[in-house]
Each structure stands twice: as C-alpha cells, then as structure tokens.
Amino acid sequence: MSGLKFRRVWGILLRHLYLLKHSFSRWLDLLYWPTVDLLLWGFITLYLQRESQTGISLASLFLGALIFWNILIRAQQGLAVGFLEDIWARNLLHLFVSPLKVSEYILGLFLYSLFKAVLASGVMSLLSIFLFHFNFFSQGLYVFYLTFGLILFAWAIGLLTIAFILYFGQEAEILAWALALFFLPFSAVFYPVSALPPFFQKIASFVPASYFFESFRFLMLKAQTSFSMLIKGYLLTIIYLLLSSFVFILSFKKAQSQGKLIKIGE
C-alpha cells in the first residue's frame with residue numbers, strides 16, 4: 001500500500017459512478033432486482049407466517065436474511081462486474097499503462113462495490129419498514145458487524161472471480177454472477193445449518209457466510225448475540241481474503257507477463 005494515491009483510487013470510483021449515472025440498465029440491475037426480491041420474498045414470508053403455528057417471526061427472519069444476502073451479492077458483483085466493465089470497454093490497457101497501481105484499482109472497485117451494496121440494502125431496508133414493518137437496523141450495532149463480515153467475504157469471492165477471468169480469459173466471466181451462488185446452499189441463508197445433510201453441514205463449516213447467517217438467526221430467535229460464531233466467521237473470512245488476494249496477485253502477474261491484459265476482451 002506504500003505510495004498509494006487516493007486521487008487515483010477516487011478516479012476509478014468516479015469512472016464507475018459516471019457509467020452508472022448514464023446507464024438505465026445498470027440502475028435497473030442495482031435497484032430493480034433487489035426490489036423484486038424483497039417484494040417476492042416478503043409476500044411469501046407473510047403468507048408463511050400466517051400459516052405458521054410456531055409463533056416465530058418468519059417474515060423478519062426471511063427479510064433480514066434476504067437483505068444480508070443482497071448485500072453480499074451486490075458487493076461481490078460490484079467488484080467482479082466492475083472489472084468486466086473495463087474489459088468490455090477495452091480499458092484495461094489504458095488503465096495499466098497509466099501511473100495507476102493495481103492496489104489503487106482494486107481499492108477503487110472496493111469502494112464502488114461498497115456504494116452499490118449500501119444503496120441496494122438501503123432501498124430494501126426502507127421498503128421492508130414501510131411494507132412489512134420490519135426494521136433491519138433495529139438490532140443495533142451487531143447488524144453492522146454481520147454486514148461488514150459479509151462484505152469482506154464478498155470481496156474475497158470477487159477477487160477470486162477476477163483472478164479466474166485473468167487466468168482463463170472471458171470464458172470465465174460467467175463466474176461474476178455464478179461464483180457467489182455456489183456458496184448459497186451452504187451459507188444457511190434461509191434455513192439453519194442443522195437442516196442440511198451431515199456432509200453438507202461439514203462443507204458449511206468452511207463457509208464464512210454460514211456463521212454470519214446463523215448468528216443473525218440466533219439473534220432474531222433468541223434475542224442474544226453470539227460472538228463466538230461472529231469470530232469464527234471473521235477468522236474464516238480473513239483466510240479467504242488472504243488466499244483470494246494471493247491467487248489474484250499470481251493471476252495478475254501471469255496475465256501481465258504473458259501480455260493478456262492487452263488481449264483480454266478482444
């Protein structure tokens with residue numbers, strides 16, 4: 001991070017914000033799908049809650065899980081699709097022959113993905129208050145801990161996605177949408193880990209998001225915080241981040257040495 005120029009990081013962030021500003025399809029992707037998700041699942045969970053005899057607030061559980069999952073997806077796609085935008089625009093060569101460092105470029109994409117996650121989750125949270133009387137932020141600071149952990153995990157997946165695209169070329173661009181979904185069945189988003197078959201439970205124990213979602217479920221059902229689950233989630237996330245950063249650096253250096261940064265996207 002030595003010699004890092006925040007002016008150049010700001011330039012990367014600003015470029016993607018300008019792309020967003022003038023693109024109806026990008027606004028549609030950012031706001032329409034989270035809204036549709038919220039409405040669809042909101043009404044489904046209201047129906048389930050009316051049918052449930054357990055007394056557990058299924059609507060709050062589902063809506064909270066849905067908002068958290070969208071935060072993860074928007075943060076991951078903000079990073080991976082932001083990189084693809086530069087491939088599609090054949091902009092990588094122009095960026096990396098400039099004084100811009102790769103760390104500054106990635107930091108700019110981090111900030112852009114954070115902006116997308118905050119905006120999409122903010123819209124969903126407001127709608128959930130007005131339509132379903134569920135306040136996502138009513139659980140206080142603990143929600144911030146869970147959110148930040150999920151964003152870090154999303155960045156780890158996003159970095160891994162970029163590394164695969166750099167290594168395999170544009171054939172791997174589908175991973176920008178698919179890789180995060182690979183973790184969905186094992187992340188305990190809409191059901192507890194205990195609902196999974198034993199072998200899948202073993203896999204879930206290596207997925208950081210499962211600890212964050214289990215921790216949120218524990219908070220909603222028991223009205224208690226579980227810092228042990230939170231710490232396990234963060235420790236696993238740090239391992240994922242270190243590994244994905246390592247793979248990304250290797251892929252970037254290889255792409256640079258083989259001249260792929262010039263060819264990719266052609």
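Colleague: Why is R90 called exposed?

Modeller: The relative accessible area of R90 is 53%. Exposed means over 50%, so R90 earns the word. Please keep in mind that this is a predicted model.

Colleague: Where is R90 found, and what is its phi?

Modeller: R90 sits in the loop between α3 and α4. Its phi is near 50°, a positive value in a residue that is not glycine. Most residues other than glycine have a negative phi.

Colleague: What is the phi of A223, and in which loop is its place?

Modeller: A223 is not a glycine, yet its phi is positive, about 55°. Its place is in the loop between α9 and α10. With a relative accessible area of 66%, A223 is over the 50% cut-off and therefore exposed.

Colleague: Let's turn to the charged pairs. How many salt bridges are there?

Modeller: The count comes to 3 salt bridges. Side chains of opposite charge can pair when their charged atoms come close.

Colleague: What makes R8 and E104 a salt bridge?

Modeller: The distance from N to O is 2.7 Å. The rule asks for a side-chain nitrogen of Lys or Arg within 4 Å of a carboxyl oxygen of Asp or Glu, so the pair qualifies. This bridge links distant parts of the chain: R8 belongs to helix α1 and E104 to helix α5, 96 residues apart.

Colleague: Are R8 and E104 buried or partly exposed?

Modeller: R8 has a relative accessible area of 24%, so it counts as partly exposed. E104 has a relative accessibility of 0%, and under 20% means buried.

Colleague: How do you know that D86 and R15 meet in a salt bridge?

Modeller: Their N to O distance is 2.7 Å, and the limit is 4 Å, so this pair passes too. D86 lies in helix α3 and R15 in helix α1, so the bridge ties together parts 71 residues apart in sequence. D86, at 1% relative accessibility, is buried, while R15, at 22%, is partly exposed.

Colleague: Why are E214 and R217 separated by about one helical turn?

Modeller: Both are in helix α9, and they are 3 residues apart, which means about one helical turn between them. Their side chains meet in a salt bridge, with 2.5 Å from N to O. R217 has a relative accessibility of 10%, so it counts as buried.

Colleague: Now for helix α6. How do you know that its end C-alpha atoms are as far apart as its 28 residues should span?

Modeller: At 1.5 Å a residue, the expected span for residues 141-168 is 40 Å. The end C-alpha atoms are 41 Å apart, so the two values agree. After α6 comes G169, whose phi is positive, near 85°.

Colleague: What makes α6 largely enclosed by the rest of the structure?

Modeller: Of its 28 residues, 20 are buried, so the helix is largely enclosed.

Colleague: On to helix α10. Is S251 buried or exposed, and what is it in contact with?

Modeller: S251 is part of helix α10. Its relative accessible area is 8%, which is under 20%, so S251 is buried. Leaving aside neighbours within four places in sequence, S251 is in contact with A163, L166 and Y167.

Colleague: Why is I249 called partly exposed?

Modeller: Its relative accessibility is 43%, which falls between 20% and 50%, so partly exposed is the right term. I249 is also in α10. Its C-alpha atom is 9.5 Å from that of L159, although the two residues are 90 residues apart along the chain.

Colleague: Which residues form a nonpolar patch on the surface?

Modeller: The patch is made of F227, I231, L235, I238 and L242, with about 510 Å² of accessible area together. L235, for instance, lies in helix α10 and has a relative accessibility of 51%, so it counts as exposed.

Colleague: Which residues does UniProt list for "transmembrane region"?

Modeller: The unreviewed UniProt entry lists several stretches, including 174-191 and 233-252. In the model, residues 233-252 are 100% helix, with end C-alpha atoms 28 Å apart. Residues 174-191 are 50% helix and 0% strand, with end C-alpha atoms 27 Å apart.

How values were computed
Residues are numbered from 1 along each chain as its sequence is written. This is a predicted model: local features need pLDDT of at least 70, side-chain atom pairs count only at pLDDT 80 or more; totals for chains, interfaces and linings use all residues. Side-chain values use heavy atoms; hydrogens and water are left out. Patches are made of residues with over 30% relative accessible area and no salt bridge: like charges are joined within 9 Å, nonpolar side chains (Val, Leu, Ile, Met, Phe, Trp, Tyr) within 5 Å. Accessible areas come from the Shrake-Rupley method with a 1.4 Å probe; for residues, only the protein chains shown count as cover. Helices (H or I, at least four residues) and strands (E, at least two) are DSSP runs, numbered from the N terminus. Buried means under 20% relative accessible area, exposed over 50%, partly exposed in between (1.4 Å probe, protein chains only). The expected span of a helix is 1.5 Å times one less than its number of residues. Contact means heavy atoms within 4.5 Å. UniProt positions are given in the numbering used here, feature names are shortened, and annotations may be inferred rather than shown by experiment.
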